[in-house]
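Please look through the sequence and the model shown here, with attention to how the strands pair and how the helices cross. The report that follows takes up the sheet before the helices.

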Amino acid sequence: MKAALQAYHARMQRVLEHIDRHLDDDLDLDALSSVAAYSKYHFHRQFTATFGLSVHRYIKLARMKRASYRLAYRDARSVTDIAMDAGYDAPDAFARAFRQRFGQSPSSFRKSPDWEPWLAAFGPFDNARSKLMQKTFTNDDVIIRDVPTTPVAIMEHRGDPATLGATIQRFIAWRQAAGLHPSTSPTFNVWRSERRPASPADYSVDLCVGTDQPIKANGEEIKTGEIKTGEIPGGRCAVLRVVGHTDNLEPAALYLYRDWLPASGEEARDFPIYCQRLSLFPEVAEHEAVAELFLPLK
């Protein structure tokens with residue numbers, strides 16, 4: 001029974017990965033049921049039973065998530081192009097659907113996103129992905145690496161995680177103006193609190209970009225002092241690579257702390273756990289996003 005269930009989940013995961021890779025294509029029921037190797041007459045019911053969403057709604061949400069990321073974090077593309085990529089024939093239809101789902105027009109969201117309705121709208125989508133996207137880690141997945149000290153520019157986020165998107169938006173705007181592209185200047189997150197602390201006000205994370213350049217403010221959007229310099233200290237680290245579903249690295253962090261560290265005989269060093277973002281959505285499909293988690297060791 002366990003082997004059969006694992007095989008079933010593998011077939012359904014192939015479908016999610018196919019959707020990720022082909023968001024710009026015609027994802028009809030015939031094609032998706034073929035990927036899963038199930039009858040098209042039963043596939044849509046199996047999909048809904050597994051993920052809690054119809055396949056049609058899942059695809060709509062996947063395209064809308066990519067569109068909203070492009071609006072908030074990538075300003076090079078026009079709203080019309082983003083609408084077409086999301087499967088809409090006209091910008092007006094996209095704008096109506098976007099406003100209905102998030103309470104803002106695409107242009108308004110691009111300028112000043114309201115993240116709370118966005119998070120609520122994508123709750124069912126994230127729950128669906130988490131059903132099969134959770135990876136089971138083993139000791140073989142963890143390597144111990146000596147890492148160099150990395151000078152970084154830091155934007156601190158302190159407070160409700162629901163407002164993190166706005167901080168990310170400002171951080172991206174600043175690093176673009178500073179010419180610190182992710183392909184040449186590494187991206188780090190340093191967590192200084194739990195992912196869900198008892199009080200949202202206690203949530204704390206540093207957004208970092210590797211650079212030894214002098215720090216300059218970017219006009220009025222980035223206040224003087226909002227970006228500061230610091231470093232990620234070098235030394236021995238336990239490193240765990242995560243591929244796909246990198247929005248939530250908590251399961252990987254829990255594995256390092258709860259399973260790997262006690263069995264390893266190692267001791268954690270006095271610096272928070274952090275990650276390096278090696279490839280980012282929406283530049284790559286969500287299941288191809290890669291992050292490495294670093295647990296500093298003595």
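Strand β3 (residues 187-191) and strand β7 (residues 274-279) run antiparallel and are joined by four bridges, and within this pairing N189 has C275 of β7 as its bridge partner. Strands here are DSSP runs of E with at least two residues, helices are runs of H or I with at least four residues, and both are numbered from the N terminus; two strands pair if DSSP finds at least two bridges between them. The model is a predicted one, in which local features need pLDDT of at least 70 and side-chain atom pairs count only at pLDDT 80 or more, while totals for chains, interfaces and linings use all residues. Residues are numbered from 1 along each chain as its sequence is written, and side-chain values use heavy atoms, with hydrogens and water left out.

An open sheet of eight strands, with antiparallel pairing, has the order β1-β6-β8-β7-β3-β4-β2-β5. Its edge strands, each pairing on one side only, are β1 (142-147) and β5 (227-232). On average, and with direction ignored, neighbouring strands of this sheet are turned by 35° against each other.

The table gives further antiparallel pairings of this sheet.

| Strands | Bridges | A residue and its opposite |
|---|---|---|
| β1 and β6 | six bridges | V142 and L240 in β6 |
| β6 (residues 235-243) and β8 | seven bridges | A238 and L295 in β8 |
| β7 and β8 | five bridges | Y274 and F294 in β8 |

In addition, C237 stands opposite P296 in β8. Strand β8 (residues 290-296) is mostly covered, since seven of its seven residues are buried, where buried means under 20% relative accessible area, exposed means over 50% and partly exposed lies in between, with a 1.4 Å probe and protein chains only. Of these buried residues, V290, E292, F294 and P296 point one way from β8, whereas A291, L293 and L295 point the other way.

The loop between α10 (164-177) and β3 contains S185, which counts as buried because its relative accessibility is 7%. Apart from neighbours within four places in sequence, S185 is in contact (heavy atoms within 4.5 Å) with R175, L180, V209 and G210.

Turning to the helices, the axes of α1 (residues 2-21) and α2 (residues 29-36) come within 8 Å and cross at roughly 135°, axes being lines fitted to C-alpha atoms, for helices over the stretch in contact, and angles running from 0 to 180 degrees between N-to-C directions. The helices α1 and α2 are therefore oblique to each other, given that angles under 35 degrees count as roughly parallel, over 145 as roughly antiparallel, 65 to 115 as roughly perpendicular and the rest as oblique. R11, R14, V15, H18 and I19 of α1 make the contact with L32, V35 and A36 of α2. These contact residues divide into five nonpolar, one polar and two charged, where Ala, Val, Leu, Ile, Met, Phe, Trp, Tyr, Cys and Pro count as nonpolar, Asp, Glu, Lys and Arg as charged, and the others, Gly among them, as polar.

The axes of α4 (residues 55-73) and α6 (residues 91-102) come within 12 Å and cross at roughly 95°, which makes α4 roughly perpendicular to α6. Here L61, M64, A67, S68 and L71 in α4 meet F94, A97, F98, R101 and F102 in α6, and the residues of this contact divide into eight nonpolar, one polar and one charged.
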